[in-house]
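Trainee: Could you take me through how to read the protein surface beside a nucleic acid strand, and then how to read a residue inside the protein?

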There are 2 protein chains.
Amino acid sequence: MNLRERKKRRTRDALLRAALELFATRGYEETTVDDIAAAVDVSQRTFFRYFAGKEETAFFVPRLAETLVVEALRTRPPDEAPLEALRRAVLESWDAINEAVVELVPIELHMRVYRVIESTPALLAAHLRRSAELEEQLACIIAEREGLDVDLDPRPRIVVALFGGVIRVTERLWSAGDDVTLDGMRQLTTTYLDQVGPALAGNWRARPSP
Amino acid sequence: MNLRERKKRRTRDALLRAALELFATRGYEETTVDDIAAAVDVSQRTFFRYFAGKEETAFFVPRLAETLVVEALRTRPPDEAPLEALRRAVLESWDAINEAVVELVPIELHMRVYRVIESTPALLAAHLRRSAELEEQLACIIAEREGLDVDLDPRPRIVVALFGGVIRVTERLWSAGDDVTLDGMRQLTTTYLDQVGPALAGNWRARPSP
DNA sequence: TGTCAACTGTCAGTGGCTGTCACTAGCCTC
DNA sequence: GAGGCTAGTGACAGCCACTGACAGTTGACA
């Protein structure tokens, strides 16, 4: 790799880390782009040459994770049922995600930023839109696996919507709780996905929960 | 109603209509707040006294609709199963929604704006966040109906997430298609909700779709 | 009719973001 | 290894959403 390229990557990583650090400590809205640029000692203009906007820094890590999940689903054995494939893809990609993230920022920082995302309206909105886009991708893959047309058969989008909903509920609970380990997340996801069946089974009071 | 209050309402409605009209014809990003204010011949500052931001005008009508859906769910007979109550609440509130919307803006304008919302990233993001908030409300109502604690039992949030997912898929299809009538929407919603069962039933290829 | 309070316009300022232009530092060729 | 080329940068000017402060205007009400 060139000196030039190395230098570029170094500034980008520095900007990224500085931004996330500031978001996590001071808050997103309270951090100006000038602050971030100043922390790395470059001009504001330079910041915008690396990131399309302030928002992009906050979602740099999540974007990585999404890529890996999509990849994981693509390589699932085609005989698995849709919901099963989704579940396994997510559960199994976490190791890869963890590995990739650590390269960029301390995992603990990422967690703090995630909480900021969930509690900042503008970021939460962006997060949900990104999730919607991811779900669209996943639906397409599912449809392809099953030999269906996403636009003709609603089922791929429906399963993915359901799945995405469960994941989002899980993420929120996970980031809010204390057990921020990988296994904790896996545990939570499995438990919640297992609740889908019961949740849809008619009147809950007829068969009380354990 | 006072002359003052009437005047106020008139400016607000004028601003709202001007904004929506501009969004629908020129696009959201292409419309500045100054444009909207100028169209009604008030200062930009006045616009911000009526709406918290440009975004708020775009979601004025949807907000109304949400209120009515929540209300409809609250008055559903308590013996209905959760998913059933949600389905009926939505299906039945459309008449009320339609009625309330027409008071403010031509329904056809609202439809055009809805398409703008779905095709403008910033608005889509906001829309999804609003939906998430609505879903949280609905989950709480469901939980209350069933005598559960939303934070302890995941099922209320899961059904609502599933339901919300289906509604969103439906909305998108509806606004994209040609049949923008109320009955068309009801039809679509019913069809899609009926697909939920099959979508979750294991491997789809084992029992091919009709 | 005069007083008060609500509503509005003007102005100045902040923060995100973009275009432009000149300049410097790394790269590549001769 | 000197020179030109170009990617990367900083400085500056400007747009747009949004906010605070202050002054002027207009409806309400005694």
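Trainee: Into what classes do the residues of the surface near DNA strand D divide?

Mentor: Ala, Val, Leu, Ile, Met, Phe, Trp, Tyr, Cys and Pro count as nonpolar, Asp, Glu, Lys and Arg as charged, and the others, Gly among them, as polar. A residue is near a strand if one of its heavy atoms lies within 4 Å of it. For DNA strand D, the division is 6 nonpolar, 7 polar and 9 charged. This is a predicted model, in which local features need pLDDT of at least 70 and side-chain atom pairs count only at pLDDT 80 or more, while totals for chains, interfaces and linings use all residues. Residues are numbered from 1 along each chain as its sequence is written, chains are lettered from A and ligands numbered from 1 in the order in which they are written, and side-chain values use heavy atoms, with hydrogens and water left out.

Trainee: Which residues are closest to DNA strand D?

Mentor: Of the 22 residues that surround DNA strand D, the closest are A:K8, A:T46, A:R49, B:R45 and B:K54. Of the atoms of DNA strand D that come within 4 Å of the protein, sugar and phosphate account for 59%.

Trainee: Which polar contacts should I look at on DNA strand D?

Mentor: A polar contact is a pair of N or O atoms within 3.5 Å; within protein, one must be able to donate a hydrogen and the other to accept it, and residues adjacent in sequence count only if both atoms are side-chain atoms. Here, an N or O atom in the side chain of B:R45 is 2.8 Å from a base oxygen of DNA strand D, whereas a backbone N or O atom of B:L3 lies 3.0 Å from a phosphate oxygen.

Trainee: What does DNA strand C have near it?

Mentor: Among its 22 surrounding residues, A:R45, A:K54, B:K8, B:T46 and B:R49 come nearest. A polar side-chain atom of B:R49 lies 2.6 Å from a base oxygen of DNA strand C, and a polar backbone atom of A:L3 is 2.9 Å from a phosphate oxygen of that strand.

Trainee: Turning to the protein interior, is B:A139 buried or exposed?

Mentor: Buried means under 20% relative accessible area, exposed over 50%, and partly exposed in between (1.4 Å probe, protein chains only). B:A139 is buried, because its relative accessible area is 1%. Leaving aside neighbours within four places in sequence, B:A139 is in contact (heavy atoms within 4.5 Å) with B:V150, B:P156, B:R157 and B:V160.
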